[in-house]
Amino acid sequence: MEEKDVQIKPEGAVRPFAETNPPIENTSEVKDKYEIDIQEGEPEEIDLYLPLPMDPNLAPEPNPLTLRAVVVGCILGALVNASNLYLGLKTGFTFSANMFGAIFGYGIVKLLSKAERVPIIGGMFGPQENSIIQAAATGAGGIGGIFVAGIPALYQLDAMHPGTGKTPKDDIGAIFTITLACSFLGLFFVTPLRKFFIIQVARELKLMFPTPTATALTIRSMHAGAAGSIEAMKKLKGLAIAFFGALIHRVVSYYAVGILYDWHVFTWIHIWSGYKSWAMNIESWGWYMEWTPAFIGSGILIGLNPAISMFLGSLLAWGLIGPLLVHYGECIGIQLAPDDPKWDSYYSFASLSHLGKTTPSPRYWLLWPGVMVMVCSSMAELIIQYKVIGVGFQAIWKQSCAGINGFLVKRGKSSSFFAKHGAETEKREGVIDDPARPEDQVRHWMWIVGLLATIVLSILIFQFQWEMNPGLTILACVLAFLFCFLAIQIGAVTDNTPLTAASKASQLVFGAATRGHHYSIKHAQKLNLVAGGLASGGADVATALTSDFRTGFLLGTPPIKQWYAQAIGTFVAVWLAPGLFVLFTSAYPCIYDPNFTGKCAFAIPSVSAWAAVAQAVTDPTVKIPKTSGIFAIVMGVVSIIQVVVRHYYLVGPREKYREWLPNWGAIALSWVIPAPVFANAALLGAIVAALWRKFSIRTWDIYGYAVAAGLIAGEGLGGVVGAILTLAGVDGSVKGTQIACPMNEC
């Protein structure tokens, strides 16, 4: 899982546990270790560090960067962008557009390609063009992370315009510009690292890039002759049914939410008992079932271990620790209807008001252990890969020296220092030459000019719109590069991109950088959040582009074509994501208004985590409860110990026990989300996936990930429709029924 704060990754799509896998050369090993289907008649050997062998009957693709591919990719990415904003605000989870774009894009363009006589629209459609679709979709579906974390946290802390009451709609210009800076900073500075990550050290460092590899294998299988086409249409059918079914369910459920979406079983018991029962004590802790297609789909993707970990974490937090804290007076709840005898036993334990200044709520108490475990487990995974990181930095240093020396030699000068440190070493075993032709590479001037322009633009944007001096902006850019470098390497090995650690680490760095400079608390918090957003947002986009380069490498797509596609998609996201954010905040003021007192449709867990860290490093009046701090330290140490045990003890014959270890990232998330409802839905999805795999692996291979992606994207788009209905005054709270909900309000 990646936190974008957290991003969902498919379990088993390409499962390497790459830190222990040797290079794969044998078809049976690929099938066993990576759970992919090898079609009959294919070559006997498959090496996943080389371009994939393609169907020899495929026609050449002289220019896969077509208008139809880019347009379709951007449209599909826009759907994912909307889904990610909705899902991220609810739960902190987002998902990548690559698999959704690859499958849905195949169906759309395959249909268009049949109109052979229509220019631009019709004509041959191959796997490289398919990879362009998913690249554009990934670009257009990205950069949503800052809108489910740092940006709304600015408003929650009243740090954007203290005391003025301005809304995100009033700041749309500044929001556009910070999105532009985050997006293109990551796009430009990672471009020259393509060859390094994808070719030069991929085998040596076992950088498998599981999800991008799974996407490439899926595209390859869909274009593998008639059989591949039949299977592709089955995938598309499953995705489409799931997508439109989830969309319709989410929209209709707004008008009968207590019947079609939220099942408050303990409220029902309370009502059936004549409003005199113990059941509301359980209801108050958030124990109900939400039939959310998005999170059921998420459970299908993430698998049993993370889902069970999240559920057990919720059970521990909201079934044991929270009630004990309230019982012993360490925390308090808020009585929601003290004057109504029917509902006087209904409480809320999720308040974050007056943080650390009064007796806290259980949510505030649990927030700190959750953040601590997120940071400790992610940072431990980074540090444990010190050899990988060291090799990477050595290679970058050598390449830089070689580049500088080459520049000097061309001008008739020389430098013994740069010549010595940039000298070519003996080619390492297993390293291949770049299969992309020189004319298919991204030109150096493109990314150099783009990077310099983006840095200058960022300095101006942050100086005049965000009141951040150029030194801090350059520091944020440097952190973005470092976090991108680390995130790509760790994500390529584990499929878990540690953007959580990146964002929290950047907040800690900027907390130290702004201390002692006489900034007001609100100003320091604003700098902390926007700088963290620039660092983690840049790393996020950079990681997405590198993943697309990996998919294109396996399919033989020219890098320059993918780069163009992702750049166009990213440009679309720059305008789309802020617009969607304003739409959601206009419909649901609780996202940004810290004084909102009504029922909120979003739990905004990532927002709470970002805001809490910003307060902790800038506001001396915000206190962490002593017991919470002790528990956080203990759990952080436990999570670090597990990382060490996993990497150094559970190896060789003991590696099989790794799957029984708890997923501390999932546990930490369950402590930050103020209710167990999402853990319940994810566990249901994971159980469905496990049973499906057990009893029909063939249909699972065809439909599993497609159905999950459709469920997630469908509900996300339904959330956008819901926001529009709310703004139009015809949503479920006005035209629907709240029957079967506690206090007649869900």
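This section describes the overall make-up, disulfides, salt bridges, nonpolar surface patch and selected local features of a predicted model.

The protein comprises 28 helices and seven strands. Of its 746 residues, 59% are buried. The exposed area amounts to about 29,600 Å², and carbon and sulfur atoms supply 65% of that area. Among contacts between residues at least 6 apart in sequence, 81% join residues that are at least 24 apart.

Helix α18 covers residues 444-464 and serves as a check on helix geometry. With 21 residues at 1.5 Å a residue, α18 should span 30 Å, and its end C-alpha atoms are indeed 30 Å apart, so the expected and modelled values agree. The buried residues of α18 are Met446, Trp447, Gly450, Leu451, Thr454, Ser458, Ile459, Ile461 and Phe462. In general, an α-helix has 3.6 residues a turn, so residues three or four places apart point the same way.

Two disulfides are present in the structure. With bonded cysteines counted along the chain, the disulfides follow the pattern 1-2, 3-4. One of them joins Cys590 to Cys600, with an S to S distance of 2.0 Å. The torsion about this S-S bond is 65°, and the link between Cys590 and Cys600 is right-handed. Both Cys590 and Cys600 lie in the loop between α22 (559-587) and α23 (605-618), so the bond ties together parts that are ten residues apart in sequence. The two partners differ in their exposure class: Cys590 is buried at 8% relative accessibility, whereas Cys600 is partly exposed at 29%.

The other disulfide is formed by Cys741 and Cys746, whose sulfur atoms are 1.7 Å apart. Here the torsion about the S-S bond is about -105°, and the disulfide is therefore left-handed. Cys741 is buried, with a relative accessibility of 0%, while Cys746 is partly exposed, with a relative accessible area of 25%. Cys182, by contrast, takes part in no disulfide; the nearest cysteine sulfur belongs to Cys477 and is 9.3 Å away. A relative accessible area of 0% places Cys182 in the buried class. Cys376 is likewise buried, with a relative accessible area of 14%.

Side chains of opposite charge can pair when their charged atoms come close. Seven salt bridges were counted in the model. In one of these, the side chains of Lys90 and Glu715 meet at an N to O distance of 3.8 Å. This pair links distant parts of the chain, since Lys90 belongs to helix α2 (residues 67-91) and Glu715 to helix α27 (residues 697-727), and the two residues are 625 residues apart. Lys90 and Glu715 are both buried.

Arg437 takes part in two of the pairings described here, one with Glu439 at 3.4 Å and one with Asp440 at 2.9 Å, N to O. Arg437 is partly exposed at 46% relative accessibility, as is Glu439 at 42%. Asp440, in contrast, is buried at 11% relative accessibility. Salt bridges that share partners also join Lys90, Glu290 and Glu715 into one network.

On the surface, Leu304, Ile308, Leu312, Leu315, Ile687, Leu691 and Phe695 make a nonpolar patch of about 640 Å². The elements contributing two or more residues to this patch are α14 (304-327) and α26 (677-695). Helix α14 gives the most, with four residues. Leu315, a member of the patch, is located in α14 and is partly exposed, with a relative accessible area of 39%.

Two backbone positions were also examined. Most residues other than glycine have a negative phi, and most peptide bonds are trans. Asp158 nevertheless has a positive phi, near 55°. Asp158 is situated in the loop between α5 (150-156) and α6 (172-190) and is partly exposed at 31% relative accessibility. Tyr275 also has a positive phi, near 60°. Tyr275 occupies the loop between α11 (265-272) and α12 (279-283), and with 26% relative accessibility Tyr275 counts as partly exposed.

Conventions:
Residues numbered from 1 in each chain as written. Predicted model: local features only at pLDDT ≥ 70, side-chain atom pairs only at ≥ 80, totals over all residues. Heavy atoms only, no water. Disulfide = S-S within 2.5 Å. Buried < 20%, exposed > 50% of the residue type's maximum accessible area, 1.4 Å probe, protein only. Patch = residues over 30% accessible without salt bridge, like charges linked within 9 Å, V, L, I, M, F, W, Y side chains within 5 Å. Areas by Shrake-Rupley, 256 points an atom, 1.4 Å probe, with all protein chains shown as cover. Salt bridge = Lys/Arg side-chain N within 4 Å of Asp/Glu carboxyl O. Expected span 1.5 Å × (residues − 1). Contact = heavy atoms within 4.5 Å.
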